[in-house]
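Work through the three exercises below with the structure in view. Each task is followed by a solution in steps.

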Amino acid sequence: MAAKTINITLKIWRQKNSKAKGELKSYALENVSTDSSFLEMLDQLNEELLTKKEEPVAFDHDCREGICGSCSLYINGRAHGPETGTTTCQLHMRKFKDGENIYIEPWRSAAFPIIKDLIVDRSAFDRIQQVGGFISVNTSGKTMDANAIPIPKSDADKAFEAAACIGCGACVATCKNGSAMLFVGAKVSQYALLPQGKVEAKQRVQNMVRQMDEEGFGNCSNTGACEIECPKGISLEHIARMNREFLSCLPPSKLHEAQNFNNS
Amino acid sequence: MSNSSILKSSIAKKYWMALTGLFLCTFLIGHLLGNLQLIFIDGEEGRRSFNEYAYFMTHNPAIKILSYLTYISILFHAATHMANFWWKVKFTQEIPLHTYKIESKQEMNIPKGQDFYYTHVPSIQPIPKDTNSLEEKGTAIYYKNTNIKIADGYIDLHKVVMTFFSKSNPNAIFGVLFYVLSMLVLAFHLWHGFASAFQSLGVNHAKWTPIIKNLGKGFAVFVPLLFALIPILIYLNN
């Protein structure tokens, strides 16, 4: 089938830095191939802007195959655009109509401050990971083969489903409260379901939830928008598991003082 | 993480919201069963039955403890939500649907402000003289020709409610409309809140979660509907 081209008008959020005032600017873009990806379309726009000696639009991208979590973009009011279960880099221009106005905004959350244009600072997720999103294993030559521990298939499947989270932040951008509980729930679940992760489970959930709160993410009101917009289909089930894990740390008299893994 | 900070964490707040919310759901059921006497039991028997219920609710020590637990739950439930609300105002500039102020009043079945205190605080007001089914023996009040002691004086709540919602009161229609509207708000809140409480407590199961969601939707429809029918039927029949 021959490639088709469309003409579109882009309404893109432009903001020089986190302090500057941003605004939506219009750009007419012609002869966009419907076979091109959304990011390729933005590349085409930037080439035109550079030709005109204008400032190109800054946006995040890396793998362009839906696994790195770098691309973001709020497209026509939806995180990662109109296609469900798809990252922005996997979204193609065939999903849009000729003559359509396409609104492109950055993730909006207090915990994700804008760096420039469509790029936001998602290092809050990194800091949450750093306080517990891992297991401590002796790697001095006596490391046990992970496959030597039998794990029920259902648990392995659920852990794998949780591990599919790419940390893109669509859940936060979509949530009316700016909550990161789907992300943290997925990370907590990923380890809590496996024997290797159970050892540090209590400290992990406490530390990650504490860091999540300190980063300024909002609370979860269980409306489930995050689950719908998550490009990897992470389920609310993982938030429930995180809640159970956290509950298992109560009553406070039985709490272990949470350890800072970096210092232990 | 210290003990105090774990209790202030975002997830601990979810537990509080869930537990107080579910407790208030049981409160709704209890209050509904009591209030339904207003429309299902007619005449003097209905008056006696409802006033006995009201007297029991205001004088029984266990109920008294439960009522304070209810007040605390409502305050905590609303305060926790308010904290989230202010967070949203501060960080996201969104305007959320916020219903607690109205809901908390209606859960207590308040036709108007003053009556709330009559319902929940022991009253020493004398019984109205036109209550023919009652008689005074010394300082105490009994049902006529019985040994059932009512109190040393109380307000006839059945009459208060019936009078307020009857057509003889020119403001009754506004009271009915406000009550019905409030129940609509409560229904919307319960539509999400009932199942949400279980999710917050970590209950998410392939088989049970759909059942809980359907049960919550049923609860959200029937409980506010029955509450709303009470003033409507009183208005239409009086």
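Domain bounds here come from an automatic or database domain assignment. The model is predicted.

**Exercise 1.** Find the domains of chain A and describe how they touch.

Solution.
- Step 1. Chain A has two stretches to mark: domain 1 covers 5–116 and domain 2 covers 123–254.
- Step 2. Taken over C-alpha atoms, the centres of these two domains of chain A are 30 Å apart.
- Step 3. Domain 1 of chain A gives 18 residues to the contact, and domain 2 of chain A gives 16 residues.
- Step 4. Sorted by class, the domain 1 side of chain A consists of eight nonpolar, eight polar and two charged residues.

**Exercise 2.** Determine how helix α7 and helix α9 of chain A pack.

Solution.
- Step 1. Locate α7 at residues 201–214 and α9 at residues 237–247 of chain A.
- Step 2. Their axes lie 9 Å apart, at an angle of about 110°.
- Step 3. Angles of 65 to 115 degrees count as roughly perpendicular, so α7(A) is roughly perpendicular to α9(A).
- Step 4. The crossing of α7(A) past α9(A) is left-handed.
- Step 5. On α7(A), A:A201, A:V205 and A:V209 meet A:M242, A:E245 and A:F246 of α9(A).
- Step 6. By class, this contact has five nonpolar residues, no polar residues and one charged residue.

**Exercise 3.** Decide which stretch of chain B has pLDDT below 50.

Solution.
- Step 1. Chain B has a mean pLDDT of 76, with 67% of its residues at 70 or more.
- Step 2. The stretch is residues 92–131 of chain B, which has 64 contacts in the model beyond near neighbours in sequence.
- Step 3. Predicted coordinates should not be read in detail where pLDDT is low.

How values were computed:
Residues are numbered from 1 along each chain as its sequence is written. Chains are lettered from A and ligands numbered from 1 in the order in which they are written. This is a predicted model: local features need pLDDT of at least 70, side-chain atom pairs count only at pLDDT 80 or more; totals for chains, interfaces and linings use all residues. Two residues are in contact if their C-beta atoms, placed from the backbone, lie within 7 Å. Ala, Val, Leu, Ile, Met, Phe, Trp, Tyr, Cys and Pro count as nonpolar, Asp, Glu, Lys and Arg as charged, and the others, Gly among them, as polar. Axes are lines fitted to C-alpha atoms, for helices over the stretch in contact, and angles run from 0 to 180 degrees between N-to-C directions. Helices (H or I, at least four residues) and strands (E, at least two) are DSSP runs, numbered from the N terminus. Angles under 35 degrees count as roughly parallel, over 145 as roughly antiparallel, 65 to 115 as roughly perpendicular and the rest as oblique. A crossing is left-handed if the near helix is turned anticlockwise from the far one by less than a right angle, and right-handed if clockwise. pLDDT is the predictor's confidence in each residue, from 0 to 100.
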